[in-house]
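Here is a friendly walk through one protein model, written for someone who would rather be at the bench. Please keep the viewer open as you read.

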Amino acid sequence: MLKSHLIVSAANCAFVLATVAARAEPLPSLGCYARAYDKAHLSAHKSQIVDKAWLSIETRKDTPPYPFLATLQFSTKGRGKATFSTFGACKEDRGALLCNASVSAEETDPCKTKNDGVHHCRIGYDKSGAFRIAAKPEGVLVSVVERLEMPGPDAGGRSSYLYLSPDNAENHAFLLQPADAKACE
């Protein structure tokens, strides 16, 4: 009995210490982050869709469970200056920010494929996705937590969408560096 009580007490202590350690992680700083992936990086990661990324983190007033707003934008290889973007209401989650992506209001046919990439259809009307922003010494790491839908420009009267999955090793995490605020405009 004493041995099992000690094991339970040790497990409780480990849980408390892990919780305190997780809260000790700093939240990402407010501001702008960006990255343009160079040819060497894209050559080494041939399946990476994203060639540029921008992220802006701001505070929101009077929105208690979600005190942060993040605007995330990507451009993709071979798409010229087309930009895909979403914004997310964010809250603190284990030393990072967890953001719910915005639901696009476009009425578009559902996709038959679930593959990542640029499409002119939607994965699902109720799916917008989620992303996580964690502070790193180099800046922030943006990770796709739940399949992310990012509306893009109109193409012949039809909106295009960028889909990124948390299961796609080449397109689920992006390390961005601090940037001048103008980079996020």
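Is Arg 147 buried, partly exposed or exposed? With a relative accessibility of 22%, Arg 147 counts as partly exposed, because the buried class ends at under 20% and the exposed class begins at over 50%. We will come back to this residue and its partner below.

## How far to trust the model

Please remember that this is a predicted model. The chain has a mean pLDDT of 81, and 78% of its residues reach 70 or more. Residues 1-23 have a pLDDT below 50, and beyond near neighbours in sequence this stretch makes two contacts in the model. Where pLDDT is low, the predicted coordinates should not be read in detail.

## Strands around S11

A good place to begin is strand S11, which covers residues 173-179. Strand S1 (residues 31-36) runs antiparallel to S11, and three bridges join the two. To find this pairing on screen, look for Ala 34, which stands opposite Gln 177 of S11.

S11 also pairs with strand S8, residues 139-146. This pairing is antiparallel too, and it is made over four bridges. Here Ser 143 has Ala 173 in S11 as its bridge partner.

## The nonpolar cores

In soluble globular proteins, nonpolar side chains tend to be buried together. In this model, the largest nonpolar core has 30 residues. The residues with the most contacts inside that core are Leu 55, Phe 74, Phe 131, Ile 133, Leu 164 and Leu 176. Another core, of five residues, lies apart from the largest one; among its members are Cys 111, Cys 121, Tyr 161 and Tyr 163.

What is Ile 133 in contact with, leaving aside its neighbours within four places in sequence? The list runs to Pro 28, Leu 55, Ile 57, Ala 70, Ala 96, Leu 97, Cys 99, Val 140 and Leu 141. Two of these names appear elsewhere in this report: Leu 55 is listed with Ile 133 among the residues with the most contacts in the largest core, and Cys 99 takes part in a disulfide with Cys 90.

## Two disulfides

A disulfide is a covalent bond between the sulfur atoms of two cysteines. The structure holds two disulfides. One of them joins Cys 32 to Cys 184, with an S to S distance of 2.0 Å. This pair links distant parts of the chain: Cys 32 sits in strand S1 and Cys 184 in the segment after S11, 152 residues apart. The link of Cys 32 and Cys 184 is right-handed, with 90° about the S-S bond, and both cysteines are buried.

Cys 90 and Cys 99 form a disulfide as well, and their sulfur atoms are 2.0 Å apart. The link of Cys 90 and Cys 99 is right-handed, with 105° about the S-S bond. Cys 90 counts as buried because its relative accessibility is 0%. Cys 99 is likewise buried, at 0% relative accessibility.

## Salt bridges, and one positive phi

How many salt bridges does the structure hold? There are three. Asp 93, Arg 94 and Arg 132 are linked in a network. Within that network, the side chains of Arg 132 and Asp 93 meet at 2.7 Å, N to O. They connect distant parts of the chain, with Arg 132 in strand S7 (residues 130-136) and Asp 93 in strand S4, 39 residues apart. Arg 132 counts as buried because its relative accessibility is 17%, which is under the 20% limit. Arg 94 also meets Asp 93 in a salt bridge, at 3.2 Å, N to O.

Arg 94 deserves a second look. Its place is the loop between strand S4 (83-93) and strand S5 (96-101), and Arg 94 counts as exposed because its relative accessibility is 63%. Most residues other than glycine have a negative phi. Arg 94, however, has a positive phi, near 50°.

That brings us back to Arg 147, which forms a salt bridge with Asp 116, the closest N and O atoms being 3.1 Å apart. Arg 147 is in the loop between S8 and strand S9 (148-155), and Asp 116 is in the loop between S5 and strand S6 (117-119), so the pair ties together parts 31 residues apart in sequence. While Arg 147 is partly exposed, Asp 116 is buried, with a relative accessible area of 19%.

Note on methods: Residues numbered from 1 in each chain as written. Predicted model: local features only at pLDDT ≥ 70, side-chain atom pairs only at ≥ 80, totals over all residues. Heavy atoms only, no water. Pairing = 2+ DSSP bridges. Core = buried A, V, L, I, M, F, W, Y, C linked by side-chain atoms within 4.5 Å. Buried < 20%, exposed > 50% of the residue type's maximum accessible area, 1.4 Å probe, protein only. Contact = heavy atoms within 4.5 Å. Disulfide = S-S within 2.5 Å. pLDDT = per-residue confidence, 0-100. Salt bridge = Lys/Arg side-chain N within 4 Å of Asp/Glu carboxyl O.
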